[in-house]
Amino acid sequence: MERVIRNFQDNQVAEIKLSYSHKVKPSLMPKINSSQDASRLLRENWDEDNLGFIEEFKVMLVSRCNKVIGICNIAKGGTSCVTVDIKLLMAAAIKGNCAGLILSHNHPSGNLKSSEQDRRLTGKVKEACKLFDITVLDHIILTAESYYSFADEGLI
């Protein structure tokens with residue numbers, strides 16, 4: 001029986017690279033001390049034209065000392081909902097090498113109440129994060145006029 005040894009390069013497979021490159025000095029990264037800080041920074045990085053038009057979901061990646069590593073756009077939806085792929089969210093969190101996450105989405109309707117779907121999603125993300133020792137610090141709902149914080153309401 002003849003044994004055939006093939007090189008990895010002979011197969012038609014994609015090479016997957018993981019890399020992380022941050023160009024902002026830690027001393028210049030904003031620090032999050034409260035839901036108010038987080039909502040202000042999220043609002044500054046949100047397309048104002050979409051805030052009252054379509055739902056979007058973003059995640060803020062933070063370091064162990066709550067310095068903001070970055071904000072990642074995860075999904076855009078319709079006028080009343082957005083579908084979040086937790087695998088994409090976790091890929092961003094892992095690639096960003098963060099210690100914590102602040103989840104966020106907007107309610108174009110202006111309604112600041114969290115829905116059952118919002119609470120279920122938060123729970124699913126928290127469970128996924130446990131595997132990687134990442135903490136979900138908050139889930140913030142933005143409207144054109146205000147914000148709602150799951151952490152402030154004791155829901156995290």
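What share of the contacts in the chain with a separation of 6 or more comes from residues 24 or more positions apart? I looked this up first. The figure is 67%. I keep in mind that this is a predicted model.

**Entry 1: overall layout**

I counted the elements. The chain has 4 helices and 5 strands. Read from the N terminus, their order is α-α-β-β-α-β-α-β-β. I then took the extent along the principal axes. The C-alpha atoms fill a box of roughly 70 × 40 × 30 Å. Burial came next. Of the 156 residues, 39% count as buried.

**Entry 2: helix α4**

I turned to α4, which covers residues 116-130. I checked its length. At 1.5 Å a residue, its 15 residues should span 21 Å, and the end C-alpha atoms are indeed 21 Å apart. The expected span agrees with the model.

Which residues of α4 are buried? I find D118, L121, T122, V125, A128 and C129. They cover an arc of only 125° around the axis, so they sit on the same side of the helix. K124 and K130 are exposed on the other side of α4. I also asked what lies over the buried residues. The cover includes strands β1 (56-62), β3 (100-106) and β4 (135-142), along with helix α3 (86-95).

**Entry 3: D118**

One buried residue of α4 carries a charge that I wanted to trace. D118 is buried but has no salt bridge. Its nearest side chain of opposite charge belongs to R119, at 6.5 Å. A salt bridge needs nitrogen and oxygen within 4 Å. I listed the contacts of D118, leaving out neighbours within four places in sequence. They are H105, H107, K113, H139, I141 and F150.

R119 has a partner of its own. It forms a salt bridge with E116, with the closest N and O atoms 3.3 Å apart. Both residues lie in α4, 3 residues apart, about one turn of the helix. E116 is partly exposed at 43% relative accessibility. R119 is partly exposed too, at 34%.

**Entry 4: other salt bridges**

How many salt bridges does a search of the whole structure find? It finds 4. I noted two besides the E116 pair.

R40 and E44 meet at 3.2 Å, N to O. Both are in helix α1 (residues 35-44), 4 residues apart, about one turn of the helix. R40 is partly exposed, with 43% relative accessibility. E44 is exposed at 54%.

K76 and E56 meet at 3.8 Å, N to O. K76 lies in strand β2 (residues 68-76) and E56 in strand β1, so this pair ties together parts 20 residues apart in sequence. I compared the burial of the two partners. K76 is exposed, with a relative accessible area of 58%. E56 is buried, with 5%.

**Entry 5: E55**

I moved to E55, in the loop between α2 (48-51) and β1. Is E55 buried or exposed? E55 counts as buried, at 8% relative accessibility. E55 and A75 are 20 residues apart in sequence, yet their C-alpha atoms are 8.5 Å apart in space. I then listed what E55 touches, not counting residues up to four places away in sequence. The list starts with A75, K76, G77, G78 and S80. It goes on with C81, V82, H105, N106, H107 and P108. H105 and H107 also appear among the contacts of D118.

**Entry 6: cysteines**

How many disulfides does the structure hold? I find 0. I checked why for two of the cysteines, against the 2.5 Å limit between sulfur atoms.

C81, which E55 touches, has its closest cysteine sulfur in C72. The gap is 20 Å, too far for a bond. C81 is partly exposed, with a relative accessible area of 39%.

C129 belongs to the buried set of α4. Its closest cysteine sulfur is in C98, at 7.2 Å, which is also too far for a bond. C129 has 0% relative accessibility and counts as buried.

Methods. Residues numbered from 1 in each chain as written. Predicted model: local features only at pLDDT ≥ 70, side-chain atom pairs only at ≥ 80, totals over all residues. Heavy atoms only, no water. Buried < 20%, exposed > 50% of the residue type's maximum accessible area, 1.4 Å probe, protein only. Helix = DSSP H or I, 4+ residues; strand = E, 2+ residues; numbered from the N terminus. Lys, Arg positive; Asp, Glu negative; His and termini not counted. Contact = heavy atoms within 4.5 Å. Expected span 1.5 Å × (residues − 1). Arc of directions from axis to C-beta.
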